[in-house]
Amino acid sequence: MVLKESFKIPNMSKLYREDFIKGIISMISSVFMKDRNALILKKELVIYNSFQILLNLYMIYGFINSFSIYNPFLLKISFNDNLRYYTYIHYLSKYLDYFDT
């Protein structure tokens, strides 16, 4: 009986509410964008992609010192400031990835 008491069914009304809001936003945006041309962002995307490539090369350069042939998955290593910094940069770069979509 303990298992049944600890198992909770998720609140489905919240999920339906989120889908309803997404549907309303989709309908409003399709009406708003009906007579508009798509944006042309070729120069901006070249700059953005170049920055992403440089940032990823920078992170690879930082992480390469932590890897070794005998320990490729970084098991049981000391988490030093250098590794902490490049891990932080990696997670910050994930916020930049949202601009691509």
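On the surface of this predicted model, six side chains come together in a nonpolar patch: Phe20, Ile21, Ile24, Ile25, Met27 and Ile28. Together they offer about 620 Å² of accessible area. Take Phe20 as your starting point. Phe20 sits in helix α2, which covers residues 12-32. Is Phe20 buried or exposed? Its relative accessible area is 56%, and the cut-off for exposed is over 50%, so Phe20 is exposed.

Now step back and look at the whole chain. The protein has four helices and zero strands, and reading along the sequence gives the pattern α-α-α-α. Of its 101 residues, 12% are buried. The accessible surface of the protein adds up to about 9900 Å², and carbon and sulfur atoms account for 68% of that area.

Next, follow helix α4, which runs through residues 81-100. You can check its length with a little arithmetic. Counting 1.5 Å a residue, its 20 residues should span 28 Å, and the C-alpha atoms at its ends are 30 Å apart, so the two values agree.

Which residues of α4 are buried? They are Leu83, Tyr86, Ile89 and Ser93. A general rule helps when you look at their spacing: an α-helix has 3.6 residues a turn, so residues three or four places apart point the same way. In this structure, the buried residues of α4 pack against α3, the helix made of residues 42-63.

Let us look at that packing in more detail. The largest nonpolar core has six residues in all: Leu55, Met59, Phe63, Leu83, Tyr86 and Ile89. The elements that give two or more residues to this core are α3 and α4. This can be set beside a broader tendency: in soluble globular proteins, nonpolar side chains tend to be buried together.

Ser93 is worth a pause too. This residue lies in helix α4, and its relative accessibility is 4%; since buried means under 20%, Ser93 counts as buried. What does Ser93 touch, not counting residues up to four places away in sequence? Its contacts are Leu55 and Met59. You can also view this from the other side: leaving aside neighbours within four places in sequence, Leu55 is in contact with Ile89, Ser93 and Leu96.

Helix α4 has charged residues to explore as well. Side chains of opposite charge can pair when their charged atoms come close. How many salt bridges are counted here? The count comes to two.

One of these salt bridges joins Asp81 and Arg84, whose closest N and O atoms are 3.0 Å apart. Both residues lie in helix α4, three residues apart, which is about one turn of the helix. Asp81 has 60% relative accessibility and therefore counts as exposed, while Arg84, at 42%, counts as partly exposed.

Another salt bridge brings together the side chains of Lys94 and Asp97, with an N to O distance of 3.0 Å. Lys94 and Asp97 are also both in helix α4, three residues apart, or about one turn. Lys94 is partly exposed, with a relative accessible area of 37%, and Asp97 counts as partly exposed at 29%.

To finish, turn helix α4 in the viewer and find both kinds of residue: buried ones such as Leu83 and Ile89, and the salt-bridge partners Lys94 and Asp97.

How values were computed. Residues are numbered from 1 along each chain as its sequence is written. This is a predicted model: local features need pLDDT of at least 70, side-chain atom pairs count only at pLDDT 80 or more; totals for chains, interfaces and linings use all residues. Side-chain values use heavy atoms; hydrogens and water are left out. The expected span of a helix is 1.5 Å times one less than its number of residues. Buried means under 20% relative accessible area, exposed over 50%, partly exposed in between (1.4 Å probe, protein chains only). Contact means heavy atoms within 4.5 Å. Accessible areas come from the Shrake-Rupley method with a 1.4 Å probe; for residues, only the protein chains shown count as cover. Patches are made of residues with over 30% relative accessible area and no salt bridge: like charges are joined within 9 Å, nonpolar side chains (Val, Leu, Ile, Met, Phe, Trp, Tyr) within 5 Å. A salt bridge is a side-chain nitrogen of Lys or Arg within 4 Å of a carboxyl oxygen of Asp or Glu. A nonpolar core is a set of buried Ala, Val, Leu, Ile, Met, Phe, Trp, Tyr and Cys residues joined through side-chain atoms within 4.5 Å.
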